[in-house]
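User: I am new to this structure and would like a close look at its core and the parts around it. Please take it step by step and explain each term as you go.

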Amino acid sequence: QVQLVESGGGLVQPGGSLRLSCAASGRIFIIYRMGWYRQAPGKQRELVAAIISGSSTNYADSVKGRFTISRDNAKNTVYLQMNSLKPEDTAVYYCNAEGMMLSNGRFDSWGQGTQVTVSS
């Protein structure tokens, strides 16, 4: 089992910033990919940003230039720096990680989600 624990969500005014963190724990051999997704009320879950081992990144068009994803491989932790936040960024943000466990099995794990609300 691999567990993901997110933190850093909250309420922020439009134009403000937040930094989300997600730490993975368990019998992890390697994490290939970590990503952030979000789901707003009445909408499907969508990819926000992802980072592959080695630092290749991709972003949703709606967040390019405002959000930055990064990871600390030594800590099995991924971050999402969110700047210039807009009301349409309001959603529950979920962390995802894919990789291999020490037992040689693959994992694809999700965090419990953290609420981000952008409102004045």
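Analyst: Two aromatic rings of Phe, Tyr or Trp (for Trp, the six-membered ring) form a pair if their centres lie within 6.5 Å, and the pair is called stacked when the planes are under 30 degrees apart, edge-to-face when they are over 60 and tilted otherwise. By this rule the count is 1 aromatic pair. The model is a predicted one, in which local features need pLDDT of at least 70 and side-chain atom pairs count only at pLDDT 80 or more, while totals for chains, interfaces and linings use all residues. Residues are numbered from 1 along each chain as its sequence is written, and side-chain values use heavy atoms, with hydrogens and water left out.

The largest nonpolar core (buried Ala, Val, Leu, Ile, Met, Phe, Trp, Tyr and Cys residues joined through side-chain atoms within 4.5 Å) has 30 residues, and those touching the most other members are Trp36, Val48, Phe67, Val78, Leu80, Met82 and Tyr93. At least two residues of this core come from each of the strands E1 (2–7), E3, E4 (28–39), E5 (46–52), E7 (67–72), E8 (77–82), E9 and E11 (114–118), where a strand is a DSSP run of E with at least two residues and a helix is a run of H or I with at least four, both numbered from the N terminus. The largest share, 5 residues, is supplied by E9. As for Met82, its contacts (heavy atoms within 4.5 Å), leaving aside neighbours within four places in sequence, include Phe67 and Tyr93, as well as Leu18, Leu20 and Val116.

The structure also holds 1 disulfide, a pair of cysteine sulfur atoms within 2.5 Å. This link joins Cys22 to Cys95, with an S to S distance of 2.1 Å. Because Cys22 lies in strand E3 (residues 18–26) and Cys95 in strand E9 (residues 91–101), the pair ties together parts that are 73 residues apart in sequence. The link is left-handed, with -85 degrees about the S-S bond, and Cys22 and Cys95 are both buried (buried means under 20% relative accessible area, exposed over 50% and partly exposed in between, with a 1.4 Å probe and protein chains only).

Strand E9 also holds Asn96, which is buried with a relative accessible area of 1%. The side chain of Asn96 reaches the backbone oxygen of Ser109 at 3.1 Å, and, apart from residues up to four places away in sequence, Asn96 touches Leu4, Arg33, Met34, Gly35, Tyr37, Asp108, Ser109 and Trp110.

In strand E6 (residues 57–59) lies Tyr59, whose contacts beyond four places in sequence are Val48, Ala49, Lys64, Phe67, Thr68 and Ile69. Tyr59 and Ile69 are 10 residues apart in sequence and 8.6 Å apart in space, C-alpha to C-alpha, yet the side chain of Tyr59 reaches the backbone nitrogen of Ile69 at 2.9 Å.

Lastly, the loops on either side of E8 bring two residues into view. Asn76, in the loop between E7 and E8, has a positive phi of about 50 degrees although it is not a glycine, and is partly exposed at 22% relative accessibility. Ser84, in the loop between E8 and E9, likewise has a positive phi of about 50 degrees without being a glycine, and at 40% relative accessibility Ser84 counts as partly exposed.

Methods:
A polar contact is a pair of N or O atoms within 3.5 Å; within protein, one must be able to donate a hydrogen and the other to accept it, and residues adjacent in sequence count only if both atoms are side-chain atoms.
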